[in-house]
Every structure is written in structure tokens, then in C-alpha cells.
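Me: Please take a close look at the ligand site of this model. Then place that site among the parts of the fold that can be described residue by residue.

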Amino acid sequence: MTTTLTEDLPGIAGGAPAKTTPFPRETRYGAEELKQLAEALDQQTLFYAQGKKVYELEAAFAKHCGAKHGVSCTSGTAAIHIALIAAGISPGDEVITSPITDMGTIVPILFQGAVPIFADLDPRHYTLDPKSVEARITPKTKAIIAVHLTGFACDMVALRKLCDGRDIALIEDCAQAFDCRLNGKIVGTDGDYGCFSFNEFKHIACGDGGIVIANDDARARRLRLATDKCYDRTPEAAARNPTFLGANYRMTELQGAVALAQLGKLDSIIARRRDWCGKLNDALASIPGIHRPEVPKGCDPSWWFYMMRVEPEILGTDADGFAKALNADGIPVGAHYIKQCVYEYPIFANHSAFARGPHAYKGYAYAKGLCPVAEEILDTAVILSINQAYTDTDLAEAIHAIRRNAVWFRERK
Ligand SMILES: *Cc1c(COP(=O)(O)O)cnc(C)c1O
């Protein structure tokens, strides 16, 4: 039996939970969305090419990000897909990306008949390690998808250098990184295409939706065609003459209306998350056994969720044990984020994307060990979901819980 030295007993040791009130839920939608929706319905069309809301959203979002064009679509997955289509990604091409991401990054690669190649991550900020990316470039590499995980920017300068002169498209997956800044600029325009998701859980939402920003006119044109069966809806177009394979990923006026209202709230949402998470991150600076995420150089993150890592040798417990203890203290964290790297999913282990027939990715082996750093990140990760309604009391209680549990575990070791 070890005796507990700390006076401040955490919930798991029988103390009163650190969290005295539940974390508040944000109110996502309200009068602004209703007003936009009423206007959309009053148009008597919900079709983007006849209405105003989708076009207005595209122009406003592009302007907000400092991009020339915005092309909307039905999801973040669709956004990645139209970027790959616009970049000409074709069967057999290799696309390098992150092994810790949503399947929405990966699904479109496979639909294009292309091969996902997984590069390892930086252990401090969970973004692509440019050295690992470079080591995986082959003559077949045709795109890199930089995932700005948790709202932290990838090293876009290094990734750009790898693409230039090699005919490799640089696509940014900004689904978790609305308004994340890198060297003063909002992410999404350092790459050729910046892809965003408006799904229910992102910084701003319209149920489901997505948008891609681009500066290049020809790219923007291809993006639009890729969302609309390769039908040219511009007034100048004489006829339907599809020249490449496009999908139907058209955003409706209803989604556009809600997203437009949400865009008006983005600045304040990001500001409150920055304040809350910035303070949390500062407070967790020197707790032995806890690695807080390290903000990349030149990055002002947008904090989609907060992912810290435990060091079991120092703490005397693993991510599961620490998450359980925080739960007992009223802090709703989870361990291991997506639990395993994307390449460990059955769709890769068994090459089961399609029921039968050839696919280039069947020629590649996917198994544990491919990206050791990414695997270690997931092994040790403890994540806290964030929303902008969290108060200073929530912050103080979360900090208290994390600190006293770390102390308690170390003393007990
Ligand atoms: C949410 C997400 C996606 C997919 O977005 P959907 O709108 O759900 O299709 C893609 N990539 C990342 C990193 C995401 O977090």
C-alpha cells in the first residue's frame, strides 16, 4: 500500500471532483441563420447557380482568407475530392498525407484510383514531418495533402519546397484549422488548394458542407466543374460538354445561407478558443509527465481540440489511466484520439476499398510500424474537446484537475 502525499485528492482517489459544474454547450444557431434561411427560401430557388447565397458565401469566405476564389461543395471530404480532381490526380498516382486524420482526407484519394502514402509526423505538433514526406516522394508522387491537425499549421514553407519543380500539387486540409495563421496569413493559400469542412462539429457549420479556396483562375474553374458533373454553368457556355470526370457535390442555397451566417461568427469563435486554449496551454507548461502540444513556429493556432500527451514512465500511468482519472474529476477527455493510424484500418490492411477488381493501392503494404512517431502520438494522446462557450471557471477547474492528477499519479508511482 502506498500512501498518498498530496492533500488535494483527485476524484479517482475519492476526492470531490475538480469540475463543479458541467461544461456548457454552445448555442450554434440562432436568429442570424434564420434570417439567411428565410432570404434563401424567398428566392424561390435553392439551386446555387440561380441563387445568391452560395455565391455570396464563396466570395465572403475567399475574401476572409485572403484568397481570390472560393468554390463550395457538400462536405470536407468533397472539398478534398474536388481539389484532387482539379489537380488531375489519376489512377496509380501517389498522394502523400498524414496517418492521423479523418477518413475524409483519404476516401477521395482512393476514389481517384490513387494511392495514399503515409508520411510520419512531428511528435510536438502532430503535423507532417517534411523529412519523412521527402523520403516518401517517388516519380509517382502527384500531390501532398497537408493536414493542419487540431488547428496547428504544417510547415508549409518546407512542403512548398518539396513540391516546387517536381509537378506535385500542394493541397491543404484545413478542416480543423479555420483561421489558423502561419506567418501572419490565414492557412489555405500557401498551398494550391485550401480545403475546409462545415460539418456539424467544425469551428463553423451548416450541417454538412465544404469549400475550397484557390488563387489561380484555372484551378478555380476546374474546382467548380468538379462539383457539378463537369457542366459549365457560366453564361458564356454554349452547351454541356463534359471533358473530365466530375461529381455532383453542389452546395444548396440552404447550406450556403447557414454557412454565411456562421461565417459572421467565425472571428469571435476563434478569438474565444484562442484565449481559452492559449491559457490552458500556458498553465500546463511544466508538469512532469504531461507533454502539452507545442505550437509550431510562426503559427497562431485555431484550436479545434486540445491534444496533450502523457509520459507513462514519469506519470506511472498510461493515456487510458490518465483519461479515466480526469473523467472521475469531471473532465470529459478521451484517450488515443482516432485510436489507430489510418493505415491500420481494415480498408488498408485488407485492401477492401472495392468488392473486386484492380486498384493501384493493392500493390502497397499497409501495416503497423509504417509511421512510428504517429503511432506513439496516438498511444499517448489524451484529448479534450473544446467549444467557445467554455468559461474561465471551466478553465480553472480543468487546469486544477490535470495538475492534481499528474501529481497524484507521480506520488503514487
Ligand atoms: C472533418 C474532417 C474532414 C472531413 O470533413 P467532412 O465534412 O466530415 O467530410 C477531413 N479532414 C479532416 C482533418 C477533418 O477533421
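Reply: A helix here is a DSSP run of H or I with at least four residues, a strand is a run of E with at least two, and both are numbered from the N terminus. The model is predicted, and every value below is computed from it.

The ligand comes first. It has 13 residues around it, and those that come nearest are Gly76, Thr77, Asp173, Ser197 and Lys202. By class, this shell holds eight polar residues, three charged ones and two nonpolar ones. Three side chains can be described atom by atom. Asp173 places a side-chain N or O atom 2.7 Å from a nitrogen atom of the ligand. Ser197 has a polar side-chain atom 2.7 Å from a ligand oxygen, and for Gln176 the corresponding distance to an oxygen atom of the ligand is 2.9 Å. The ligand on its own would expose 380 Å², of which the protein buries 93%.

Two of the nearest residues, Gly76 and Thr77, belong to helix α3, which covers residues 76–86. In this helix 10 of the 11 residues are buried, so the rest of the structure largely encloses α3. The buried set is made up of Gly76, Ala78, Ala79, Ile80, His81, Ile82, Ala83, Leu84, Ile85 and Ala86. Thr77 is not in that set. At the start of the helix, a side-chain oxygen of Ser75 comes within 3.3 Å of the backbone nitrogen of Thr77. After α3 comes Gly88, which has a positive phi near 80°.

Another of the nearest residues, Ser197, falls within strand β8 (193–197). The loop between β7 and β8 contains Asp190. Asp190 has a relative accessible area of 24%, so it counts as partly exposed. Its C-alpha atom is 8.9 Å from that of Ile171, although 19 residues separate the two along the chain. On the other side of β7 (185–186), the loop that joins it to β6 (181–182) holds Asn183. Asn183 is not a glycine, yet its phi is positive, at about 50°. With 56% relative accessible area, Asn183 is exposed.

His336 offers a second case of this backbone geometry: it too is not a glycine and has a positive phi, of about 75°. His336 sits in the loop from β13 (333–335) to α12 (346–349). At 15% relative accessibility it falls under the 20% limit, so His336 is counted as buried.

The pocket search describes open space over the protein atoms. The largest pocket encloses about 470 Å³. It is lined by 17 residues, with Glu26, Phe201, Ser385, Ile386 and Asn387 closest to its centre. Its lining has nine nonpolar residues, six charged and two polar.

Elsewhere in the chain, Ser98 lies in the loop between β2 (94–97) and α4 (103–111). Its relative accessible area is 2%, so Ser98 is buried. Within that loop, the Ser98 side chain reaches the backbone oxygen of Ile100 at 3.1 Å. The helix that follows, α4, contains Ile106. Ile106 has 0% relative accessibility and is therefore buried. From Ile106 to Ser132 the separation is 26 residues in sequence, and the C-alpha atoms stand 18 Å apart.

Towards the N terminus, Leu46 belongs to the loop between α1 (31–42) and α2 (53–65). Leu46 is partly exposed, with a relative accessible area of 35%. Its C-alpha atom lies 62 Å from that of Glu411, a residue 365 positions away in sequence.

To return to the ligand site: the protein buries 93% of the ligand's area. Asp173 contacts a ligand nitrogen, while Ser197 and Gln176 approach ligand oxygens. Gly76 and Thr77 are also among the nearest residues, and the helix they belong to is largely enclosed.

Notes:
Residues are numbered from 1 along each chain as its sequence is written. This is a predicted model: local features need pLDDT of at least 70, side-chain atom pairs count only at pLDDT 80 or more; totals for chains, interfaces and linings use all residues. Side-chain values use heavy atoms; hydrogens and water are left out. A residue is near a molecule or strand if one of its heavy atoms lies within 4 Å of it. A polar contact is a pair of N or O atoms within 3.5 Å; within protein, one must be able to donate a hydrogen and the other to accept it, and residues adjacent in sequence count only if both atoms are side-chain atoms. Accessible areas come from the Shrake-Rupley method with a 1.4 Å probe; for residues, only the protein chains shown count as cover. Ala, Val, Leu, Ile, Met, Phe, Trp, Tyr, Cys and Pro count as nonpolar, Asp, Glu, Lys and Arg as charged, and the others, Gly among them, as polar. On a 1 Å grid over the protein atoms alone, a cavity is a set of points where a 1.4 Å probe fits but cannot get out, and a pocket is an open set with protein on both sides within 12 Å along at least five of seven lines; lining residues have an atom within 4 Å of a point. Grid points are joined across faces, edges and corners, and a volume is the space filled by probe spheres set on the points. Buried means under 20% relative accessible area, exposed over 50%, partly exposed in between (1.4 Å probe, protein chains only).
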